[in-house]
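Me: I am new to this structure and would like to learn how to read it with care. Could you take me through some features, giving the general idea and then the case at hand?

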Amino acid sequence: MAKEVQLSKQKQWARDNYKGMAPLIFPSFTPDFKDMDEEGIRIDVQNSIKHGFVSAMSFPVGNNAETHKKFIDVLCDEAKGKNILAGDIIGEKSEADDLAHIAHCEKNGCTHLLITPDRNSIGRSEDELYE
């Protein structure tokens, strides 16, 4: 019989709460691309709930730091108090930027994060990435 392993608080939370599929929610913009389409983002979250997804995961493609924050604000606000978790994908330009974004996500009710390497590193050599 396998020995029971004590899970960290975070892993136990994931085991208890994160069961099912999670769609990626892409940012919606107004027709002139000057602002985010908040209603469109809210509809995406509502449809995720309707289809039984466990989480709505932001996919901040095409966003700068400010629009990324606004995107997660709208997504978390729409998910708040409903039967869905709100997640975000982060990988800012620096550790300080990542930590600031994590604090922003936590303040707005984001339940989980997928942390990626610096997206600006795409196209660099293997040696540069290693350093």
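Me: Where does Arg42 lie, and is Arg42 buried or exposed, or something in between?

Reply: In this model, which is predicted, Arg42 lies in helix α2. Buried means under 20% relative accessible area and exposed means over 50%, with partly exposed in between; Arg42 has a relative accessible area of 22%, so Arg42 is partly exposed.

Me: Which residues does Arg42 touch, leaving aside those up to four places away in sequence?

Reply: Contact is read from heavy atoms within 4.5 Å, and by that reading Arg42 touches Val74, Asp77 and Glu78. Sequence distance and spatial distance are worth reading side by side: Arg42 and Asp77 are 35 residues apart in sequence, yet their C-alpha atoms are 8.7 Å apart in space.

Me: How many salt bridges are there, and which residue forms one with Arg42?

Reply: A salt bridge is recognised when a side-chain nitrogen of Lys or Arg is within 4 Å of a carboxyl oxygen of Asp or Glu, and the count comes to five. Arg42 forms one with Glu78, where the closest N and O atoms are 2.9 Å apart. This pair links distant parts of the chain, since Arg42 is in helix α2 and Glu78 in helix α3, 36 residues apart. Glu78 is buried, with a relative accessible area of 8%, and its side chain also meets that of Lys82 in a salt bridge of 2.9 Å, N to O. Lys82 counts as partly exposed at 39% relative accessibility, and Arg42, Asp77, Glu78 and Lys82 are linked in a network of salt bridges.

Me: What does Lys70 form with Asp35?

Reply: Lys70 and Asp35 form a salt bridge, with the closest N and O atoms 2.8 Å apart. Lys70 lies in helix α3 and Asp35 in the loop between β1 and α2, so the pair ties together parts that are 35 residues apart in sequence.

Me: How many residues does helix α3 have, and which elements do its buried residues pack against?

Reply: A helix can be read first by its span and then by its neighbours. Helix α3, residues 65–79, has 15 residues and reaches 21 Å from its first C-alpha to its last, close to the 21 Å expected at 1.5 Å a residue. Among its buried residues are His68, Phe71 and Leu75, and the buried residues of α3 pack against β1, α2, β2, β3 and α4. At the start of α3, a side-chain oxygen of Asn64 reaches to within 3.0 Å of the backbone nitrogen of Glu66, while α3 is followed by Gly81, whose phi is positive, near 75°.

Notes
Residues numbered from 1 in each chain as written. Predicted model: local features only at pLDDT ≥ 70, side-chain atom pairs only at ≥ 80, totals over all residues. Heavy atoms only, no water. Helix = DSSP H or I, 4+ residues; strand = E, 2+ residues; numbered from the N terminus. Expected span 1.5 Å × (residues − 1). Buried < 20%, exposed > 50% of the residue type's maximum accessible area, 1.4 Å probe, protein only. Polar contact = N/O pair within 3.5 Å; in protein donor to acceptor, adjacent residues only side chain to side chain.
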